[in-house]
Each structure stands twice: as C-alpha cells, then as structure tokens.
Amino acid sequence: MKIIYTGHSGFIVETKDQILLFDCIARGKGQDPAPEEAGVSCGILPDFDPAKKISVFISHSHGDHYAARIWKLAQDHENVEYFLGNDISRDRVIRDRAAVCGQDQGRAKIFFAQPDMTYLSEGMKVETLLSTDAGVAFYVTLKNGKTIFHAGDLLLWLWDENTPDENRFFKDTFYGELKRIAGRGTDIAFLPFDPRLEDKAALSIDEYLKALDVGFALPMHFWKRYDLVKRYVDSSRDLPFRSPVWALERENQEFIIED
C-alpha cells in the first residue's frame with residue numbers, strides 16, 4: 001500500500017484496486033488553497049488511476065478537514081463514494097457540489113455517517129466513532145482484511161480554560177469511544193498531535209498507541225510543526241510504545257508499506 005500525506009489531517013491510501021482519501025483538503029495542480037485553509041498545510045492531489053474505486057472520508061465540516069473541491073472527484077471519476085461526518089448536511093452537499101461542479105456533478109454514492117454506526121460497501125466495512133469536537137472518526141476494514149483508523153478530531157481537548165464539566169465530557173467521551181476499538185490490530189493509524197494543547201499535545205496520540213495494536217502510524221493536526229513531530233518520534237527510544245509512529249517532513253510525502 002502507498003500512503004501520501006496531503007497536509008494537516010489529510011492522507012491518501014492506495015491499494016491494488018482502491019484509493020481512500022481521509023480529510024483531504026489538498027488542491028488540484030495549479031490551484032491555490034482556499035482562504036480558510038491558509039493556516040494549515042495543504043498539499044497537491046496526484047493523478048489517480050481511473051480504473052480504481054475512490055472512497056472519500058470526511059470526518060467533519062471544519063475548514064481544516066473539509067474542502068468543497070473534493071466533490072470534483074465525482075465529476076472526474078466514475079466510481080466514487082463519500083462518507084461524511086454527521087455535521088455535514090444534505091443542503092450543504094447540494095450547495096457545494098453545485099458551486100464546484102455546476103450542472104455536471106458526476107455520479108457518487110454518499111453516506112451521511114452517524115456516530116457509532118457500521119456501513120458496508122463492496123466488501124469494505126466502515127465503523128464510526130463519536131468525535132469530542134464535531135462529526136466522527138473512522139475505523140475502516142478493507143476487503144483484504146487490512147485496517148485503517150483515522151481519528152478525525154476525536155481528541156482529549158483538555159484546554160487550560162476548560163471547566164471541570166467540560167473536561168469530564170471530553171474524558172468520558174474519548175475513553176468511551178476508545179474502549180470500542182481497544183485491543184484491535186490496526187495496520188495503519190492516523191493520530192492527532194496538536195501543539196496548541198501545549199503540555200497535553202501528545203496525550204491523545206499516546207492513549208491511542210497504548211490502546212491499539214498499531215503497525216504503522218502517522219501524526220496529524222500538528223499545524224506545520226514538523227520540528228515537534230520529529231522530537232516526538234525521536235522520543236520512542238525512551239518510550240517504545242511510540243515506535244510505530246513515523247516522522248512527517250513535508251506535504252505529499254510518501255510511504256510504502258506491505259499490503
């Protein structure tokens with residue numbers, strides 16, 4: 001499998017017969033980032049094999065996770081499906097598709113994904129988890145048995161200014177959802193590392209790594225702080241549970257792992 005980091009929380013996973021995009025706000029060649037994306041890294045979409053099915057996963061509607069131009073894939077490719085976090089409404093989809101594609105919007109299968117549900121599509125199983133921010137996280141089992149977890153914004157949002165009730169909600173929700181997938185062998189995991197949380201930046205990614213049996217992991221949502229990502233990965237010499245995590249150094253960085 002090939003994995004491409006498209007910026008911020010965005011990734012592409014390509015198998016022999018399928019392409020999966022997660023929270024991909026990457027632009028097409030020659031396109032500039034939209035204004036709401038200016039503060040996050042935003043890569044370039046590669047050319048996709050037209051024979052492969054494309055599955056698009058959008059955890060929620062925030063501008064650092066969802067860009068309307070992702071609908072152009074359905075205009076350019078025949079076999080495209082979308083799994084949308086539950087805060088993205090049908091009305092918004094109609095508006096965004098019309099704005100991006102006009103009348104010729106192509107054909108696409110759309111799943112309006114609710115939390116804590118399971119969706120099946122041509123041998124692929126998609127499980128959703130309730131986010132602590134907006135929308136959902138995705139746990140995907142491919143038809144070959146390989147598994148991919150994308151956390152979306154399911155984090156421990158323990159800001160210093162939180163009230164005790166807010167912290168209780170974040171902890172109860174995060175650990176309650178994590179319990180649903182704990183102990184699973186997870187081939188690929190995309191896990192949040194948010195420097196804005198300061199001394200708690202690594203708390204969520206560490207909890208995921210301790211709970212899941214992860215083979216290969218990449219950090220995300222780190223606001224271009226590649227230096228902190230490298231420091232985190234280097235720390236695996238002293239904290240071995242971090243060893244599945246690889247450092248990201250740039251947009252459109254590629255990794256090859258076993259199918």
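## A pair of antiparallel strands

Val 126 faces Val 140, a residue of strand 9. This model is predicted. Strand 8 covers residues 124-130 and runs antiparallel to strand 9, residues 136-141, with six bridges joining the two.

## The sheet and its helices

Strands 8 and 9 belong to an open sheet of six strands, ordered 7-8-9-10-11-12, in which the pairing is mixed. At its edges are strand 7 (118-121) and strand 12 (213-220), each of which pairs on one side only. On average, neighbouring strands of the sheet are turned by 20° against each other, direction ignored.

Two helices are placed against these strands. Helix 3, formed by residues 164-181, lies across strand 8, strand 9 and strand 10 (147-150), and runs at about 160° to strand 8. Helix 4, residues 203-211, packs on the sheet and touches strand 10, strand 11 (185-192) and strand 12. The direction of helix 4 makes about 175° with that of strand 11.

## The two sides of helix 2

Helix 2 comprises 12 residues, 90-101. From its first C-alpha to its last, helix 2 reaches 16 Å, close to the 16 Å expected at 1.5 Å a residue.

The buried residues of helix 2 are Val 93, Asp 96, Arg 97 and Cys 101. These residues lie on the same side of helix 2, because they cover an arc of only 100° around the axis. They pack against helix 1 (72-76), strand 5 (80-85) and strand 6 (109-113). Asp 91, Ile 94, Arg 95 and Ala 99, on the other side of helix 2, are exposed. After helix 2 comes Gly 102, which has a positive phi near 70°.

Key. Residues are numbered from 1 along each chain as its sequence is written. This is a predicted model: local features need pLDDT of at least 70, side-chain atom pairs count only at pLDDT 80 or more; totals for chains, interfaces and linings use all residues. Side-chain values use heavy atoms; hydrogens and water are left out. Two strands pair if DSSP finds at least two bridges between them. Helices (H or I, at least four residues) and strands (E, at least two) are DSSP runs, numbered from the N terminus. Axes are lines fitted to C-alpha atoms, for helices over the stretch in contact, and angles run from 0 to 180 degrees between N-to-C directions. Contact means heavy atoms within 4.5 Å. The expected span of a helix is 1.5 Å times one less than its number of residues. Buried means under 20% relative accessible area, exposed over 50%, partly exposed in between (1.4 Å probe, protein chains only). The arc is that of the directions from the helix axis to the C-beta atoms.
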